[in-house]
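Visitor: Could you take me through one part of this model up close? I'd like to hear about the salt bridges and what surrounds them.

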Amino acid sequence: MNTSRVFGFKTMKTLLTNRSRATITSGLRRLACTPSSCPRVCIVGGGPAGFYTAQHLLKAHPAMQVDIYERLPIPFGLVRFGVAPDHPEVKNVINTFTQTAQHERCCFHGNVTVGKDVSVEELKQAYHAVVLSYGAEGNRLLGVPGENLSGVYSAKDFVGWYNGLPCNKDLCPDLSHETAVILGQGNVALDVARILLSPLDILTKTDITQPSLEALAGSRVRRVLIVGRRGPLQVAFTIKELREMVNLAGTRPDMVPADFKGIAEVLKDLPRPRKRLTELMMKAVREAPSGEGSTSRQWGFRFLRSPVEVLPTPDLTQTAGIRLGINRLEGSGDGARAVATGETEDIECGMVISSIGYQSLPIDPAVPFDPHKAIIPNAVGRVLKTSGLYCSGWVKRGPTGVIATTMNDSFDTARVLIQDIETGILDISTAKPGSQTVTPLLQKRGVNPVSFSDWEKIDAEEMKRGSVVGKPREKLLDVTEMLKTVHS
């Protein structure tokens, strides 16, 4: 096991022998630099990938100076805007990120849009290295007729709406219909389903935004179908997310028992995590009450279905349903492929939420970008066909995995950058000014960066507002209001 991935540097030292300690100390001395040539690294993106990259760089090099540039005035990216409000334990990683931001050799610069306010080339001139960790702000398109109808939303935007992402605050999803269909069977899809069906007394104790809480209070959604193009053995969600759906108060599963035909016979050959997940799904099928019965809210999976068309109302403006193509599987296990049979079925619904994945976007014409894979082409984090440019997180590998995946990925990029300093691939012999030239340049262009201490003013105001209504915080939803709080 690579202990540097699991333990902080101080903890790791206590686990090593004296001889190992001496080896590490010797390595750190070799990395030391004169004041005129200390490495200055700029990280673009203040989410998990950016903070984990910064954390490892600061621990691995005794004189590294790190600046983090973030588009919004607030840090933490998807930990704040992507993690479900009823998963506060996942957000505890913010404490670690705060320690990184408050490190004496780290500086946070919020409210700066790289590629617009300052170019990547200008950052490369100011820093020895630039690490692009800006995540995935785009949506993968369904590519079917009707996806632009009112009532069709991306999961990214819907999650951003209830989590307080400023650009999604005016989404106003139509919750006036009984049935909602979610396309995709990953953890985000189950998050969305759970939020749509959760009792209000659960949500009122979270940091969900007040406008979305009020909208959900008036919601008429009573049935959520979660649709996947493959079968029960290929779902992407985890057992934790499924267990939360199974145990969600006031709801019952709405499954099709025929979808699980033959699954019991292959259970014994499945890897343990997949076996436990499948057993829980099958238990939900067996124990689902028949008829309408005791609960008014339902959720269920529909397998071997792919969207063909979003069906419109007679005036061609609103969502009235969705046409699904029926698939069959070729192959088995995770490698099984969905093949269209040519048959279709229609489901009446007033809301369609596409949860088929996020997508990274190009940031600057000077940065290579693969439009087909929607990533920055790289080799172990080194951006191809250029020097001094690195990447980490989703923009490096695609929008997959959990926060721990991003941690390991970001640590890998940081290690590669350190190796390049050690071997001389990354030249740090010439001093670089870093933010000393970038900040005046931004101010000249009318951009006023937000520091981490400025963010702490926003943080304090949000917690103050939340305490009034019995919530951990009430998020500010407007960038202008955030900046006003900073300068008040």
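Guide: Here is a walk through the salt bridges, followed by a core that shares a helix with one of them.

A bit of housekeeping: this is a predicted model, so local features need pLDDT of at least 70 and side-chain atom pairs count only at pLDDT 80 or more, while totals for chains, interfaces and linings use all residues. Residues are numbered from 1 along each chain as its sequence is written, and side-chain values use heavy atoms, with hydrogens and water left out.

A search of the whole structure turns up 32 salt bridges, each being a side-chain nitrogen of Lys or Arg within 4 Å of a carboxyl oxygen of Asp or Glu. Take Arg194 and Glu244, whose side chains meet at 3.4 Å, N to O. Arg194 sits in helix H9 and Glu244 in helix H12 (residues 239–246), so this pair ties together parts that are 50 residues apart in sequence. Helices (H or I, at least four residues) and strands (E, at least two) are DSSP runs, numbered from the N terminus. Arg194 is buried, with a relative accessible area of 2%, whereas Glu244 is partly exposed at 21%. For those labels, buried means under 20% relative accessible area, exposed over 50%, and partly exposed in between (1.4 Å probe, protein chains only). Both residues also belong to a salt-bridge network with Asp86, Glu89, Asp191, Lys240 and Glu241.

Next, look at helix H16 (residues 403–423), home of Asp420. The side chain of Asp420 meets that of Arg382 in a salt bridge of 2.8 Å, N to O. Arg382 lies in strand S17 (residues 382–383), so the pair ties together parts 38 residues apart in sequence. Asp420 is buried, at a relative accessible area of 1%, and Arg382 is partly exposed at 28%. Asp409 forms a salt bridge with Arg397, their closest N and O atoms being 3.8 Å apart. That one links Asp409 in helix H16 to Arg397 in helix H15 (residues 394–397), 12 residues apart. Here Asp409 is buried at 9%, and Arg397 is partly exposed at 24%.

Now for the core. The largest nonpolar core has 46 residues, and Val192, Leu196, Val224 and Phe301 have the most contacts inside it. Such a core is a set of buried Ala, Val, Leu, Ile, Met, Phe, Trp, Tyr and Cys residues joined through side-chain atoms within 4.5 Å. Helix H9 (residues 187–197) supplies the largest share of this core, 7 residues.
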